[in-house]
Every structure is written in structure tokens, then in C-alpha cells.
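Visitor: Could you walk me through this model, one question at a time?
Guide: Gladly, let's take a look together.

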Amino acid sequence: MESYQQQISELKQQIEQLEHENLCLKQLLDEAGISYKEKNIAGAQTDYTQEKYEQNQGARIEPIEINDKNANIFFMLFCRGRQVVTWHPDVYVYGKDYVRIEWHLTMRI
């Protein structure tokens with residue numbers, strides 16, 4: 001986690017240096033009387049605030065009904081045309097807040 005934070009801070013420093021360099025170059029162009037097009041390439045967002053950490057990130061997942069048709073389509077795309085013969089879940093319950101579901105598939109070759 002710290003390495004990501006360090007990389008992010010290094011990238012922010014590089015962005016600030018580039019913005020400062022662009023500002024200096026624009027001043028040189030203005031002093032020389034050379035016209036240029038004002039454009040904010042990065043868009044209007046220059047605020048680099050972090051999003052608040054969301055405790056329940058599982059709520060972002062949109063529920064989808066997994067049925068035989070969806071499973072067949074998925075595995076025909078990613079398993080070279082093989083079709084699913086059986087497909088069943090194993091549900092593991094860890095306390096009241098955490099449930100892990102593993103799907104086991106048997107495919108016809």
C-alpha cells in the first residue's frame with residue numbers, strides 16, 4: 001500500500017513540475033509575442049483529492065442471475081467452445097458478515 005502511495009505522490013510531483021514548466025513556457029511565448037491556443041488538456045479537474053474509502057464495496061457489484069445460458073455463453077467464449085455440463089455452488093459462511101461462494105464446473109470436452 002505504501003508503494004502505491006509513494007508512486008502516486010511521485011506522479012503528483014511530476015505533474016506539478018510539468019504544469020510549472022508549461023507556465024514558464026507560456027510566459028516566454030507571451031513575452032515574445034507569439035500566440036498560442038489556451039487549452040486545458042487534462043480537463044477541468046485539477047483537484048487530486050482521494051475518494052473516501054467505502055466500507056461496503058460489495059454493494060457496488062450489480063447482481064446478476066447466473067443461469068445455465070449465461071454459463072454456457074461465458075465458457076464457450078473463454079474455454080474454446082466447450083459447453084458446461086454441471087455447475088454448482090459451494091457456500092462457505094464465516095460469521096454473520098462474510099460469505100464466500102465458489103462455483104464448480106464440470107465441462108464436456
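**A guided look at the chain**

Visitor: Is I64 buried or exposed?
Guide: Buried means under 20% relative accessible area, exposed over 50%, and partly exposed in between (1.4 Å probe, protein chains only). I64 has a relative accessible area of 64%, so I64 is exposed.

Visitor: How far should I trust what I see, and what is the mean pLDDT of the chain?
Guide: This is a predicted model, in which local features need pLDDT of at least 70, side-chain atom pairs count only at pLDDT 80 or more, and totals for chains, interfaces and linings use all residues. Residues are numbered from 1 along each chain as its sequence is written, and side-chain values use heavy atoms, with hydrogens and water left out. pLDDT is the predictor's confidence in each residue, from 0 to 100. In the chain, 75% of residues reach 70 or more, and the mean pLDDT is 77.

Visitor: Which element has the highest mean pLDDT?
Guide: Helices (H or I, at least four residues) and strands (E, at least two) are DSSP runs, numbered from the N terminus. The elements run α-α-β-β from the N terminus on. Strand 1 has the lowest mean pLDDT, 68, while the highest, 89, belongs to helix 1.

Visitor: How far apart are the end C-alpha atoms of helix 1?
Guide: The expected span of a helix is 1.5 Å times one less than its number of residues. Helix 1 has 31 residues and should therefore span 45 Å; this agrees with its end C-alpha atoms, which are apart by 45 Å.

Visitor: Which element gives the largest share of the nonpolar patch?
Guide: Patches are made of residues with over 30% relative accessible area and no salt bridge (a side-chain nitrogen of Lys or Arg within 4 Å of a carboxyl oxygen of Asp or Glu); like charges are joined within 9 Å, nonpolar side chains (Val, Leu, Ile, Met, Phe, Trp, Tyr) within 5 Å. This one covers about 670 Å² (Shrake-Rupley method, 1.4 Å probe, only the protein chains shown counting as cover for residues) and is made by I64, I66, V91, V93, V99, I101 and W103. Strand 1 (83-94) and strand 2 (98-108) each give two or more residues. The largest share, three residues, comes from strand 2.

Visitor: Which residues does Y98 contact, beyond its neighbours within four places in sequence?
Guide: Y98 sits in strand 2 and is partly exposed. Contact means heavy atoms within 4.5 Å. Leaving those neighbours aside, Y98 touches Y92 and V93.
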